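Q: Hello! I am new to this structure and would like to get to know it slowly. Please take one part, look at it closely with me, and then follow the chain outward from there.

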2 protein chains.
Amino acid sequence: MDVLKKRILEEGRVVGEEILKVDSFLNHQIDVQLFQEIGQEFYKKFAHKNITKILTIEASGIAIASIAALYFKVPVVFAKKTKSRNLDNDTYKSKAYSFTKEMYYDIQVSKRYIQEGERILILDDFLANGKAVLALMDIVNQAGATVEGVGIVIEKGFQDGGKLLRGKKVNLESLVIVDRFKDGIIKFMN
Amino acid sequence: MDVLKKRILEEGRVVGEEILKVDSFLNHQIDVQLFQEIGQEFYKKFAHKNITKILTIEASGIAIASIAALYFKVPVVFAKKTKSRNLDNDTYKSKAYSFTKEMYYDIQVSKRYIQEGERILILDDFLANGKAVLALMDIVNQAGATVEGVGIVIEKGFQDGGKLLRGKKVNLESLVIVDRFKDGIIKFMN
């Protein structure tokens with residue numbers, strides 16, 4: 001997706017060999033016009049799957065999922081990472097590891113909002129070790145629904161997530177795949 | 001906003017006298033078509049303010065802000081509640097109290113993403129004690145920008161937030177104001 005690659009090259013900031021900061025447009029400040037193009041791209045890739053719901057995880061997946069959902073015309077559900085008095089007790093739970101926060105955390109989705117037989121599209125901003133996506137897939141399976149696809153804005157091609165998911169025959173579409181950052185240089189693998 | 005009141009009456013679940021669960025369409029599952037109507041409503045109320053950026057707070061404010069931003073054609077910035085390797089060290093910080101999580105937490109915004117002189121619209125899903133909005137306003141002030149308005153989807157009229165903000169002459173627009181829930185009954189004050 002050329003417009004996305006251009007923004008990453010122009011605004012991405014590399015920290016060490018593993019961190020790519022794109023918080024000027026993707027996950028702190030949000031460029032909603034770009035998100036419309038991202039949403040349309042996901043729609044092109046997954047429209048034929050008759051998606052009934054988009055599932056993501058708080059926080060930075062929410063904007064991507066919400067704007068993409070305008071094209072799919074389906075609801076979004078976002079998995080929650082923390083307990084809240086607003087969350088039902090009756091939830092599907094799973095566990096994930098955050099690469100950027102360096103910690104394990106539980107994720108939960110109320111059982112009300114994923115029904116048996118639903119055709120789920122999982123969307124997220126980054127794919128690193130794949131643990132968040134696996135936890136979301138676990139929740140979809142617990143609900144008796146199916147994961148029809150996984151859409152990622154930026155996959156880190158040098159971490160295990162992509163290989164892991166493709167090895168499980170997941171229908172994974174990453175709009176951009178970046179290579180390890182040598183000397184602060186960003187290179188793409190797709 | 002009648003369509004919103006209708007959804008609250010049909011799907012809202014009252015817990016005790018203070019908690020209104022609207023997670024079927026607002027803050028766990030998201031009805032993006034409704035969010036377009038909410039975004040248009042905020043645009044009607046604040047379009048004349050020449051907003052340059054929408055500020056919200058993770059997580060449930062993000063979807064509201066992102067879809068509203070499509071009408072304003074401005075970027076969204078969301079304040080972060082937790083530390084992350086992705087967040088700059090150079091941030092504006094403030095402190096808020098969560099009514100639903102019953103705890104204090106720090107919020108942060110990178111100094112890169114609010115500039116002096118910007119005209120900020122703050123959007124959020126709920127207004128209870130007003131502490132989250134006050135913390136966001138504090139951050140806008142630290143940046144030398146101005147808060148041109150605060151838009152809330154559901155204000156709890158029986159908590160102090162609305163009174164507090166209106167007392168400070170904040171340009172507050174709540175799409176719906178609910179009264180205390182007696183015997184599980186939802187009544188509106190606007």
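**A close look at chain A and its contact with chain B**

A: Let's start where the two chains meet: 46 residues from chain A and 46 residues from chain B make the contact. Please keep in mind as we go that this is a predicted model. Together, chain A and chain B bury about 4,100 Å² between them, and 53% of that area is on carbon and sulfur atoms. Zero salt bridges are counted between chain A and chain B.

Across all chains, though, the count of salt bridges comes to 26. Side chains of opposite charge can pair when their charged atoms come close. One pair to find in chain A is A:Arg180 with A:Glu17, whose closest N and O atoms are 3.7 Å apart. A:Arg180 sits in the segment after strand S10 (172-178) of chain A, while A:Glu17 is in the loop between strand S1 (13-15) and strand S2 (19-21) of that chain, so this salt bridge ties together parts that lie 163 residues apart in sequence.

Now look at two helices of chain A. Helix H1 covers residues 2-11 and helix H2 covers residues 32-46. Their axes come within 10 Å and cross at roughly 140°, which means that H1(A) is oblique to H2(A). The crossing in which H1(A) passes H2(A) is left-handed. From the H1(A) side, A:Val3, A:Leu4 and A:Arg7 take part in the contact, and they meet A:Leu34, A:Glu37 and A:Ile38 of H2(A). Sorted by kind, the residues of this contact are four nonpolar, two charged and no polar.

Following chain A onward from H2, you reach the loop between H2 and S4, which is the place of A:Asn50. This residue is not a glycine, yet A:Asn50 has a positive phi of about 50°. Most residues other than glycine have a negative phi, and most peptide bonds are trans.

The second half of that remark matters for our last stop, the loop between strand S4 (53-57) and helix H3 (61-72) of chain A, where A:Ala59 is found. The peptide bond from A:Glu58 to A:Ala59 is cis, with omega near 0°. Turning to chain B, the peptide bond from B:Glu58 to B:Ala59 is cis as well, again with omega near 0°. There, B:Ala59 lies in the loop between strand S4 (53-57) and helix H3 (61-72) of chain B.

Methods: Residues are numbered from 1 along each chain as its sequence is written. Chains are lettered from A and ligands numbered from 1 in the order in which they are written. This is a predicted model: local features need pLDDT of at least 70, side-chain atom pairs count only at pLDDT 80 or more; totals for chains, interfaces and linings use all residues. Side-chain values use heavy atoms; hydrogens and water are left out. Axes are lines fitted to C-alpha atoms, for helices over the stretch in contact, and angles run from 0 to 180 degrees between N-to-C directions. Helices (H or I, at least four residues) and strands (E, at least two) are DSSP runs, numbered from the N terminus. Angles under 35 degrees count as roughly parallel, over 145 as roughly antiparallel, 65 to 115 as roughly perpendicular and the rest as oblique. A crossing is left-handed if the near helix is turned anticlockwise from the far one by less than a right angle, and right-handed if clockwise. Contact means heavy atoms within 4.5 Å. Ala, Val, Leu, Ile, Met, Phe, Trp, Tyr, Cys and Pro count as nonpolar, Asp, Glu, Lys and Arg as charged, and the others, Gly among them, as polar. Buried area is the accessible area (1.4 Å probe) that two parts lose on being put together, summed over both. A salt bridge is a side-chain nitrogen of Lys or Arg within 4 Å of a carboxyl oxygen of Asp or Glu.
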